[in-house]
Amino acid sequence: MIQVSKLGKSYSRDRAVLSDISFTLAKGEFAYVTGTSGSGKSTLLRLLYGAERPNNGTISINGVSVNRCSSFALAQLRSKLGLVFQDFKLLPERNIFENIALPLEIQGKGQTEISKRVQQSLHYVGLEQKMRTLPQQLSAGEQQRVAIARALVVDPVVLLADEPTGNIDPEHMAGILELFKGANARGTTILMATHDYSILRRSPRRTLHLVNGQLDNDISLESILQTERAHVGN
Ligand SMILES: Nc1ncnc2c1ncn2[C@@H]1O[C@H](COP(=O)(O)OP(=O)(O)OP(=O)(O)O)[C@@H](O)[C@H]1O
Ligand SMILES: [Mg+2]
């Protein structure tokens, strides 16, 4: 489903943000991307959905060669992806209902189906009461839940989620993780960048760990947790 080969990205000559990244994610897999702040998690996801071009290497998602295809093919692929951005990217002039409806509109769905699916998504993230509210009137955690609802409303082939729980309080955390697991059980392949090592502890799964822009393929979950403990000093 996702094939990445020898991927490299640098913004300046003297330092590569990512180098020689290769991995494959099979259809239906659910994996994490971890690494300390600045290790390149967001950059990797941006390369995957074609927001940035790599300096080296190739990416294929759902059979589409992301950095070698036409802009039409990329747009078609993106309409099948669920994207949760680290900074949410909600449209400020659209209310919550309209934000979540957007990807369904792009897919050309009818009003009845849009309404049904958006209501269901709002229910899943617990924001039915806020559907006529504008994004800036919501808290960061609420905005993040809207971003998650918008990404999942299309039943995406692949979900690329960048720190999707960064602002989620413990009360909503379990529900959000259940949403991801539910999407995964319905066939969505998931790659989720996270700093939140409590998630790894709670739901251990395959983890792509970035260290100095490279993948540490052999690292165990225990070592990742130890690295994190050392990093936060406890
Ligand atoms: N547009 C850019 N121009 C120059 N450098 C950039 C750009 N985007 C990212 N970088 C650099 O690339 C490195 C990796 O950034 P990235 O945002 O991918 O890290 P991250 O792992 O997502 O961090 P965080 O956990 O804080 O979200 C950082 O050193 C950052 O300064
Ligand atoms: Mg990031």
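This tour moves through a predicted model, stopping at a metal site, a group of strands and a pair of helices.

Begin by selecting the magnesium ion, ligand 2, together with S42 and Q86, whose atoms OG and OE1 respectively are its protein donors, lying 2.0 to 2.3 Å from the ion. These two residues are 44 residues apart in the chain and bring distant parts of it together, since S42 belongs to helix α1 (residues 41-48), while Q86 sits in the loop between β6 (81-84) and α3 (96-106). If you colour by accessibility, S42 counts as buried because its relative accessible area of 17% is under 20%, whereas Q86, at 40%, is partly exposed.

Next, select strand β9, residues 207-211, where four of the five residues are buried, so that the strand is largely enclosed by the rest of the structure. Strand β3 (residues 30-34) runs parallel to β9 and is joined to it by three bridges, and here you can find Y32 standing opposite T207. Strand β10 (residues 214-215) runs antiparallel to β9, with two bridges between them, and L215 of β10 is the bridge partner of L210. Two residues lie between these strands in their hairpin, where N212 takes a positive phi near 50°.

Finally, show helix α5 (residues 140-152) and helix α6 (residues 170-185), which pack at an angle of about 10° with axes 11 Å apart. That angle makes the two helices roughly parallel. Display the side chains of R145, I148 and L152 in α5, which meet H172, I176, L179, F180 and A183 in α6; by class, this contact comprises six nonpolar residues, one polar and one charged.

Methods
Residues numbered from 1 in each chain as written. Chains lettered and ligands numbered in written order. Predicted model: local features only at pLDDT ≥ 70, side-chain atom pairs only at ≥ 80, totals over all residues. Heavy atoms only, no water. Axes fitted to C-alpha atoms, helices over the stretch in contact; angles between N-to-C directions. Parallel < 35°, antiparallel > 145°, perpendicular 65-115°, else oblique. Contact = heavy atoms within 4.5 Å. Nonpolar A, V, L, I, M, F, W, Y, C, P; charged D, E, K, R; others polar. Donors = N, O, S within 2.8 Å, 3.2 Å for Na, K, Ca; no water. Buried < 20%, exposed > 50% of the residue type's maximum accessible area, 1.4 Å probe, protein only. Pairing = 2+ DSSP bridges.
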